[in-house]
Amino acid sequence: MSPGEERKLIDVVNSHASDIQSLQAVLLGLAAQLHAEQGDAALESAKEKALAAANNMGSSFGIRPNRSLISNLFEVAKKR
């Protein structure tokens with residue numbers, strides 16, 4: 001891989017990382033608001049639905065959603 005190709009790959013990966021962090025921030029904000037407005041039961045229900053959706057997602061190249069990350073997001077939302 002040439003230095004130019006490597007730089008392009010790094011730029012793409014960094015761009016995707018930024019997008020993922022942005023989406024995570026939005027989801028955390030929404031989950032925290034849900035918890036504030038509707039309490040633990042609503043947040044737990046949303047968590048169960050998110051984990052169920054993760055289980056039903058296709059897996060490109062054998063990559064599956066990170067269930068621990070999903071669960072952690074909802075735990076952090078309880079503290080916000």
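Is A17 buried, partly exposed or exposed? A17 is partly exposed, because its relative accessible area of 35% falls between the limits of 20% for buried and over 50% for exposed. The structure discussed here is a predicted model.

## Overall form

The protein contains two helices and zero strands. The C-alpha trace spans about 55 × 25 × 15 Å along its principal axes. The radius of gyration is 16 Å, whereas a compact globule of 80 residues would have a value near 12 Å.

Of the contacts with a separation of 6 or more, 56% are accounted for by residues 24 or more positions apart.

## Surface and charge

Buried residues make up 16% of the 80 residues. The exposed area is about 6,100 Å², and carbon and sulfur atoms supply 58% of this area.

Positive side chains number 9, and negative side chains also number 9. The centres of these two sets lie 4 Å apart.

## The nonpolar core

In soluble globular proteins, nonpolar side chains tend to be buried together. In this model the largest nonpolar core has ten residues: L28, A31, A32, L43, L51, A54, I70, L73, F74 and A77. Helices α1 and α2 (67-78) are the elements that give two or more residues to this core. The largest share, six residues, comes from α1.

One of the core residues is L51, which is placed in helix α1. L51 counts as buried because its relative accessibility is 12%, and the cut-off for buried is under 20%. Apart from residues up to four places away in sequence, L51 touches R67, I70 and S71. I70 is itself a member of the core. The C-alpha atoms of L51 and D19 are separated by 21 Å, with the two positions 32 residues apart along the chain as the sequence separation.

## Buried polar positions in α1

K47 is located in helix α1, which covers residues 3-55. With a relative accessibility of 15%, K47 counts as buried. Beyond its neighbours within four places in sequence, K47 is in contact with S71, F74 and E75. Of these partners, F74 is listed in the largest nonpolar core, and S71 is also touched by L51.

H35 lies in helix α1 as well. Its relative accessibility is 17%, so H35 counts as buried. Leaving out residues up to four places away in sequence, H35 touches D40, L43, A77 and K78. Two residues in that set, L43 and A77, belong to the largest nonpolar core.

## Partly exposed alanines

A17 is found in helix α1. A17 and A31 are 14 residues apart in sequence, and their C-alpha atoms are 21 Å apart in space. A31 is one of the residues of the largest nonpolar core, whereas A17 is partly exposed.

A52 also lies in helix α1. At 36% relative accessibility, A52 counts as partly exposed. A52 and R67 are 15 residues apart along the chain, and their C-alpha atoms are separated by 9.8 Å. R67 is among the residues that L51 touches.

Note on methods. Residues numbered from 1 in each chain as written. Predicted model: local features only at pLDDT ≥ 70, side-chain atom pairs only at ≥ 80, totals over all residues. Heavy atoms only, no water. Helix = DSSP H or I, 4+ residues; strand = E, 2+ residues; numbered from the N terminus. Rg over C-alpha atoms; globule rule 2.2 N^0.38 Å. Buried < 20%, exposed > 50% of the residue type's maximum accessible area, 1.4 Å probe, protein only. Contact = heavy atoms within 4.5 Å. Areas by Shrake-Rupley, 256 points an atom, 1.4 Å probe, with all protein chains shown as cover. Lys, Arg positive; Asp, Glu negative; His and termini not counted. Charge placed at Lys NZ, Arg CZ, Asp CG, Glu CD. Core = buried A, V, L, I, M, F, W, Y, C linked by side-chain atoms within 4.5 Å.
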